[in-house]
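User: I'm new to this structure and would like a close look at one part of it. Could you walk me through a pair of packed helices and then what surrounds them?

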Amino acid sequence: MEKMNWRRFIVQLLPPQSCALCSATAGNNVCDACCADLPWLEQDRLCPVCASLSPAGLVCGDCLKTPPAFYRTLSLLEYRFPVSQLVSRLKYRQHLPLANWFAEQFLLRMPPAGEKIDALIPVPLHPNRLKERGFNQSQLISRQLAKRLGTAHLPQLVERSFDTSQQAGLSRTERQRNMRNVFTCRENMSGLRLAIVDDVITTGSTADSLSRTLLDAGAAAVEVWSIARTH
Ligand SMILES: [Zn+2]
Ligand SMILES: [Zn+2]
């Protein structure tokens, strides 16, 4: 009798995985063709501090003029179609395998950290938002990252005390003032090097506000890890 290929046998028993973008049968959450077409960001063409576009990879004018509280940002993908589709699938449908996939891609493609990170902190959602959605998509990703890196995961230490989604109609100055008191941290973060994990970064003001809160709580340094960034 021919020797049974157990691995193949078991794989055949599992339902074939389909690509989250084109539905083709894939060995992963996103098939090779769709994966190759995604707008992966080249870190040496971004501002190292805020990950905005900077052709020579120099610190951008905004960061020179008003340095944010975090010292660097790593961002994996440009936030546009079809990345937006992947993110909303995770955000509104709690597609857990995608959180794993994002974490896996992040660790595969990002430059190794210069200095050891002591803990990962997902950007918290406001309790109203959390109640509505039932989960925090950034936390799904940060949990996977922490697990793979063997780093501490601290999703409960910071609270979002102000709902920034209620800012429509406010002036820029009013919004900026509100951003200052969005987060509260009651723990002592003394001496810790932290990485904030966010799914999508737009202006960076949320990450800046959270970083300030963490530095005020004693953190030694804060950097930002995001899956996607708008440009
Ligand atoms: Zn595909
Ligand atoms: Zn910058």
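User: Are H5 and H7 parallel, perpendicular or oblique to each other, and why?

Analyst: Before anything else, keep in mind that this is a predicted model. Now to your pair. Two packed helices are described by the angle between their axes and the distance between the axes. For H5 and H7, the angle is about 50° and the axes are 8 Å apart. An angle of 50° falls outside the ranges for roughly parallel, roughly perpendicular and roughly antiparallel, so H5 and H7 are oblique to each other. Their crossing is right-handed.

Let's see who meets whom. On the H5 side, the contact uses Leu96, Ala99, Asn100, Phe102, Ala103, Phe106 and Leu107. Across from them, H7 brings Leu140, Ile141, Gln144, Leu145 and Arg148. Sorted by type, the residues of this contact come out as nine nonpolar, two polar and one charged.

Step back to H5 as a whole. This helix runs over residues 96–109, which makes 14 residues. From its first C-alpha to its last, H5 reaches 20 Å, close to the 20 Å expected at 1.5 Å a residue. Its buried residues are Leu98, Ala99, Trp101, Phe102, Ala103 and Phe106. H7 (137–149) is one of the elements those buried residues pack against; the others are strand E3 (72–78), helix H4 (83–93) and strand E9 (221–229).

Follow the chain on from H5 and you get a loop leading to strand E4 (119–122), and Ile117 sits in that loop. Is Ile117 buried or exposed? It has 20 other C-beta atoms within 10 Å, and 20 is enough to count, so Ile117 is buried. Leaving out residues up to four places away in sequence, Ile117 touches Thr151, Arg193, Leu194 and Ala195. You can also compare it with Ala152: the two are 35 residues apart along the chain, yet their C-alpha atoms are separated by 8.9 Å.

Now go to the other side of H5, to E3 and H4, two of the elements it packs against. The loop between E3 and H4 holds Pro82. The peptide bond from Phe81 to Pro82 is cis, with omega near 0°. Why point that out? Most residues other than glycine have a negative phi, and most peptide bonds are trans.

That general rule has a phi half too, and there are residues here to look at for it. Ala51 has a phi near 65°, a positive value in a residue other than glycine. You'll find Ala51 in the loop between helix H2 (32–37) and helix H3 (61–65). It counts as buried, with 24 C-beta neighbours inside 10 Å. Ser23 also has a positive phi, near 70°, and lies in the loop between strand E1 (17–18) and strand E2 (25–26). Ser23, though, is exposed, with 10 other C-beta atoms within 10 Å.

The loop between E1 and E2 also contains Ala24. Ala24 is partly exposed, with 14 other C-beta atoms within 10 Å. Apart from its neighbours within four places in sequence, Ala24 is in contact with Ser18, Cys19 and Cys31. Ala24 and Cys34 are ten residues apart in sequence, and their C-alpha atoms are 9.6 Å apart in space.

Back to E3, this time to the loop that comes between H3 and E3, where Tyr71 is found. Tyr71 is partly exposed, with 16 other C-beta atoms within 10 Å. If you skip the neighbours within four places in sequence, Tyr71 is in contact with Val49, Ala221 and Glu223. Tyr71 and Asp208 are 137 residues apart in sequence but 9.9 Å apart in space, C-alpha to C-alpha.

Asp208 takes us to a last helix, as it is one of the buried residues of H9. H9 spans residues 205–216, twelve in number, and reaches 16 Å from its first C-alpha to its last, close to the 16 Å expected at 1.5 Å a residue. Along with Asp208, its buried residues are Thr206, Ala207, Ser209, Leu210, Ser211, Thr213 and Leu214. What covers them includes strand E6 (158–160), helix H8 (172–179), strand E7 (183–185), strand E8 (193–201) and E9. After H9 comes Gly218, which has a positive phi, near 110°. And E9 brings us back to the start, since the buried residues of H5 pack against E9 as well.

Technical notes: Residues numbered from 1 in each chain as written. Chains lettered and ligands numbered in written order. Predicted model: local features only at pLDDT ≥ 70, side-chain atom pairs only at ≥ 80, totals over all residues. Helix = DSSP H or I, 4+ residues; strand = E, 2+ residues; numbered from the N terminus. Expected span 1.5 Å × (residues − 1). Buried ≥ 20, exposed ≤ 12 C-beta atoms within 10 Å, placed from the backbone. Contact = placed C-beta atoms within 7 Å. Axes fitted to C-alpha atoms, helices over the stretch in contact; angles between N-to-C directions. Parallel < 35°, antiparallel > 145°, perpendicular 65-115°, else oblique. Left-handed = near helix turned anticlockwise from the far one by under 90°. Nonpolar A, V, L, I, M, F, W, Y, C, P; charged D, E, K, R; others polar.
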